Amino acid sequence: PPLKRCRRAVDQPGRICSSVLADPTFHISVSTDGAVPSSPPGSAEGAARLHGVFISEREADSVVSAASWVLRQQNVILRGINKNEYGMKSPPTASSIGGHIRHSLDHFQSLFTGIKENSTIEYDSRERGTDIELMPSAAESAIRELQESIDQLTEEDLKKSIKCAFMVAGDGATSEFDSNVRRELFFCTHHAIHHNAFIKVLTLEMGIEEVCPAEMGLAPSTISFMNSSDGNM
């Protein structure tokens, strides 16, 4: 089937076109040369792709693949928009694409800081208005570093016990609990999925929704349901 091309032509250096195929039964493969059809979901080859980006055998059937999946979605967005669009705040919510990406990446970064320093993971200790929130290039760099950290996780790393702390009240009160790296990696992933959904809404407001991967902001359970039914929510 024909491709729905991005409004920004892919002849712009460094841009990736995240066009969605006209046939929703196909995923997309994204490169600097544009989008090309890939195998239908459920096929052997299709199972080795996530949101149009190849995954390695190392990632297959693992919480690692889910984490890489949402970060790659964000990377596609970053390469499809400009700095003004990245920082533009929505009037109803006063939020921006950059704010949502920074917030979701903060969680991943907090996790890996805790792993590296063998310290309690404090998801609420984060800065606002950082370069990651304001500059797409800084966010791309942060995602690249996080992908490298995720790729280096071993099975033993994923099983490692860790402690987490959350702020549970406006007065700053926190609650600490025991967890493990695998569980927290998926928490960060699940958290990012919801922010990806907000990002999709912001692109709709700006009229640039074609930069979003087709499954942007959809939980795995939602995608599974859609694939097993007639495609309706």
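**Exercise 1. A salt-bridge partner in α7**

Is Glu184 buried or exposed?

*Solution.* This is a predicted model. Start with the accessibility: Glu184 has a relative accessible area of 0%. Buried means under 20%, so Glu184 counts as buried. Next, look at the partner. The side chains of Glu184 and Arg183 meet in a salt bridge, at 3.6 Å from N to O. Arg183 has a relative accessible area of 46% and is partly exposed. The bridge therefore joins a buried Glu184 to a partly exposed Arg183.

**Exercise 2. The chain as a whole**

State how many helices and strands the protein chain has, and what percentage of its residues count as buried.

*Solution.* Count the elements: the protein chain has 8 helices and 7 strands. Then take the burial: 45% of its 233 residues count as buried. Finish with the contacts. Among those with a separation of 6 or more, 57% come from residues 24 or more positions apart.

**Exercise 3. α1 against α5**

Classify the packing of helix α1 and helix α5, and list the residues that meet.

*Solution.* Two packed helices are described by the angle between their axes and the distance between the axes.

1. Helix α1 spans residues 63–78 and helix α5 spans residues 136–151. Their axes come within 10 Å and cross at roughly 165°.
2. Angles over 145 degrees count as roughly antiparallel, so α1 and α5 are roughly antiparallel to each other.
3. The crossing of α1 and α5 is left-handed.
4. On the α1 side, the contact uses Val64, Ala67, Ser68, Leu71, Arg72, Gln74, Asn75 and Leu78. On the α5 side stand Pro136, Ala139, Glu140, Ile143, Leu146, Gln147, Ile150 and Asp151.
5. By class, the contact of α1 with α5 has 9 nonpolar, 4 polar and 3 charged residues.

**Exercise 4. α1 against α7**

Repeat the analysis for α1 and α7, then find where Thr189 fits in.

*Solution.*

1. The axes of α1 and α7 are 9 Å apart, and the helices pack at an angle of about 30°.
2. Angles under 35 degrees count as roughly parallel, so α1 and α7 are roughly parallel to each other.
3. The crossing of α1 and α7 is left-handed.
4. From α1, the residues that meet α7 are Val63, Val64, Ala66, Ala67, Trp69, Val70, Gln73, Gln74 and Ile77. From α7 come Arg182, Leu185, Phe186, Thr189, Ala192, Ile193, Asn196 and Ile199.
5. By class, the contact of α1 with α7 has 12 nonpolar, 4 polar and 1 charged residues.
6. Now place Thr189: it lies in helix α7, residues 181–206. Thr189 is buried, with a relative accessible area of 0%.
7. Leaving out residues up to four places away in sequence, Thr189 touches Ala66, Ala67, Val70 and Phe108.

**Exercise 5. α3 against α7**

Decide how α3 and α7 are oriented, and give the make-up of their contact.

*Solution.* The axes of α3 and α7 come within 8 Å and cross at roughly 170°. The two helices are therefore roughly antiparallel to each other. Their contact divides into 14 nonpolar, 8 polar and 1 charged residues.

**Exercise 6. Salt bridges across the chain**

How many salt bridges does the structure hold? Describe the pairs formed by Glu140 and Lys163, and name a network.

*Solution.*

1. The structure holds 6 salt bridges.
2. Glu140 pairs with Arg79, with the closest N and O atoms 3.0 Å apart. Glu140 sits in helix α5 and Arg79 in the loop between α1 and α2, and the two are 61 residues apart. Arg79 has 26% relative accessibility, so it counts as partly exposed.
3. Lys163 pairs with Asp178, with the closest N and O atoms 2.6 Å apart. Lys163 belongs to strand β6 and Asp178 to strand β7, 15 residues apart. Lys163 is partly exposed at 40%, whereas Asp178 is exposed at 58%.
4. A network of salt bridges links Arg102, Asp106 and Glu133.

**Exercise 7. A backbone angle**

What is phi of Asn118, and where does the residue lie?

*Solution.* Most residues other than glycine have a negative phi. Asn118 has a positive phi, near 55°. Asn118 lies in the loop between α3 (97–117) and β5 (121–122). With a relative accessible area of 61%, Asn118 is exposed.

How values were computed:
Residues numbered from 1 in each chain as written. Predicted model: local features only at pLDDT ≥ 70, side-chain atom pairs only at ≥ 80, totals over all residues. Heavy atoms only, no water. Axes fitted to C-alpha atoms, helices over the stretch in contact; angles between N-to-C directions. Helix = DSSP H or I, 4+ residues; strand = E, 2+ residues; numbered from the N terminus. Parallel < 35°, antiparallel > 145°, perpendicular 65-115°, else oblique. Left-handed = near helix turned anticlockwise from the far one by under 90°. Contact = heavy atoms within 4.5 Å. Nonpolar A, V, L, I, M, F, W, Y, C, P; charged D, E, K, R; others polar. Salt bridge = Lys/Arg side-chain N within 4 Å of Asp/Glu carboxyl O. Buried < 20%, exposed > 50% of the residue type's maximum accessible area, 1.4 Å probe, protein only.
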